[in-house]
Amino acid sequence: MKILLAGGAGYIGSHTAVALLEAGHEVVVVDNYCNSCAESIKRVEELTGKSVVSYEADVKDKAKMLEIFQANSIDCVIHFAGLKAVGESVQKPILYYRNNIDTTLTLLECMAETGVHNFVFSSSATVYGDSSNNPPYEESMERGKCSNPYGWTKSMMEQILQDAAVANKELSVVLLRYFNPIGAHPSGRIGEDPQGIPNNLMPYIAQVAVGRRDKLTIFGDDYPTPDGTCRRDYIHVMDLAAGHLQAVEFAVQNKGTEIFNLGTGTPYSVLEIVRAFENSNGIKVPFEFGPRRAGDLPAFWADASKAREVLGWRTTYTLEDMCKDTWNWQKNNPQGYRK
Ligand code: NAD
Ligand code: WQD
């Protein structure tokens, strides 16, 4: 199949591109590099020995996107192209609603106009909301009240896609709710490359380890958890990428909307992650405790049984793999993709 990856130069998109190419699919990437660079795609080509058709374009640009759809006979779209910084979304809600929702609508319009029927969407565990659902989260739970505009964009886009699939019986929509993706390709050639101060835990730890930051601040030590720090369901990006391959195969064989959690089902605390990183890599990560971060929940993790049963998807990478592969990427690319 020929699969269009909107936002495919980013962290999850580039790893998914490797998984799709290795499975024998063709990949077309559209990215405006607002949070990535073309180097990741070059490295995907180098890792797989296959070529990727790539366009530098804004997915909101309907005329350009239509040209791209017309020039390529696309079988399935995977939509990664979103802004994802939770704190920034509180400061710049309009930017987030415009970018995340407009990209989705533009892709749906181009698909309708060119007869493409399969859509896989990067959703997030954030749609389960801030207190109405108790973990482990199951796909059958109602979406909850999100604590920030980023989360609401995901929740709204899920609704838009579900409505589109109700109206168009030809359409197949797979909503993938990622938990906390970390790690990198075991080669250390592609990985997560945040710009500025990392918002997320693992990239921050990696930058402390490589000497770009002095110490980690752990946000809160008084949560109602065994060690007082928050617990999350961390998943290796290679397992996540494999989930996309299975989701694409599912999409082409089924109509309507299906939702899958992509997580391991096992939560770890912030302190456990710090210790695992130190022990896996034999490197110290200095840290201090700071106040809680607004909007953080004490603990959540996936019920991952649906993806296992319906897609036959299983996670295969351990927490040690996640820590080792993160460090392998960071130490070989201390400044990310920038030289
Ligand atoms: P990323 O920022 O590395 O990748 C997103 C890519 O989309 C970037 O390459 C960016 O340049 C591109 N992009 C954004 N807006 C665009 C536009 N208008 N036109 C063209 N390209 C555009 O992020 P990621 O971690 O790979 O996340 C991919 C998707 O998964 C996002 O939608 C994100 O919200 C979602 N997600 C991520 C996580 C996570 O923790 N990384 C968790 C849940 C969901
Ligand atoms: C994990 C834990 C922090 C940084 C976010 C989004 C979510 C999804 C995944 C996109 C928390 C703690 C973090 C630091 C810390 N993304 N932490 N010091 O918040 O679970 O999820 O990314 O959809 O929507 O909200 O991930 O990596 O930011 O935090 O102590 O410097 O690490 O408090 O407990 P989170 P995270």
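Reader: Which atom of ligand 2 lies 3.1 Å from a polar side-chain atom of N200, and how should I read such a distance?

Author: A polar contact is a pair of N or O atoms within 3.5 Å. In this predicted model, the partner of that polar side-chain atom of N200 is an oxygen atom of ligand 2, at 3.1 Å. A polar side-chain atom of R293 also lies 2.8 Å from an oxygen atom of ligand 2, while F219 takes part through a backbone N or O atom, which is 2.9 Å from an oxygen atom of the ligand.

Reader: Which residues come nearest among the 19 around ligand 2?

Author: Those that come nearest are S124, Y150, T217, R232 and D296.

Reader: How many residues surround ligand 1, and which of them come nearest?

Author: There are 28 residues around ligand 1, and D31, N35, S36, K84 and Y150 come nearest. Y150 is therefore a residue to look for twice, since it is listed among the nearest for ligand 2 and for ligand 1, where nearness counts heavy atoms within 4 Å. The side chain of S36 has an N or O atom 2.7 Å from an oxygen atom of ligand 1, and two backbones contribute as well, with an N or O atom of Y11 at 2.9 Å from a ligand oxygen and one of G10 at 3.3 Å.

Reader: Now the strands: in which sense do strand 1 and strand 4 pair, and over how many bridges?

Author: When two strands pair, one follows the bridges from residue to residue. Strand 1, residues 2–6, pairs with strand 4, residues 76–79, in the parallel sense over 4 bridges, and A6 has H79 as its bridge partner. Strand 4 is also joined to strand 5, residues 118–124, by 3 bridges, again running parallel, and there H79 stands opposite F121.

Reader: Which way do the residues of strand 4 point, and are they buried or exposed?

Author: C76 and I78 point one way from strand 4, V77 and H79 point the other way, and all of them are buried.

Reader: What do strand 2, helix 2 and strand 3 make together?

Author: They make a right-handed β-α-β unit, in which helix 2 covers residues 39–48. Its two strands, strand 2 at residues 26–31 and strand 3 at residues 53–56, run parallel and are joined by 4 bridges, with V28 bridged to V53.

Reader: Which members of the largest nonpolar core touch the most other members?

Author: In soluble globular proteins, nonpolar side chains tend to be buried together. Here the largest nonpolar core has 40 residues, and L5, V27, I78, V120, V174, L176 and L262 touch the most other members. Helix 8, residues 237–253, supplies the largest share of this core, 7 residues. Another core, of 28 residues, lies apart from it and includes M65, V77, I101 and L108. If sequence neighbours within four places are left aside, L176 has contacts that include V120, F121, H244, A247, F260 and L262.

Reader: Why does T103 count as buried?

Author: T103 counts as buried because its relative accessibility is 2%, and the cut-off for that word is under 20%. T103 lies in helix 5, residues 93–114, where a polar atom of its side chain is 2.8 Å from the backbone oxygen of N99. Leaving aside neighbours within four places in sequence, T103 is in contact with V59, K60, H79, A81 and R98, and H79 is the residue already met as the bridge partner of A6.

Note on methods:
Residues are numbered from 1 along each chain as its sequence is written. Chains are lettered from A and ligands numbered from 1 in the order in which they are written. This is a predicted model: local features need pLDDT of at least 70, side-chain atom pairs count only at pLDDT 80 or more; totals for chains, interfaces and linings use all residues. Side-chain values use heavy atoms; hydrogens and water are left out. Two strands pair if DSSP finds at least two bridges between them. A crossover is right-handed if, with the strands pointing away from the viewer, the path from the first strand over the helix to the second runs clockwise. Buried means under 20% relative accessible area, exposed over 50%, partly exposed in between (1.4 Å probe, protein chains only). A nonpolar core is a set of buried Ala, Val, Leu, Ile, Met, Phe, Trp, Tyr and Cys residues joined through side-chain atoms within 4.5 Å. Contact means heavy atoms within 4.5 Å. A polar contact is a pair of N or O atoms within 3.5 Å; within protein, one must be able to donate a hydrogen and the other to accept it, and residues adjacent in sequence count only if both atoms are side-chain atoms.
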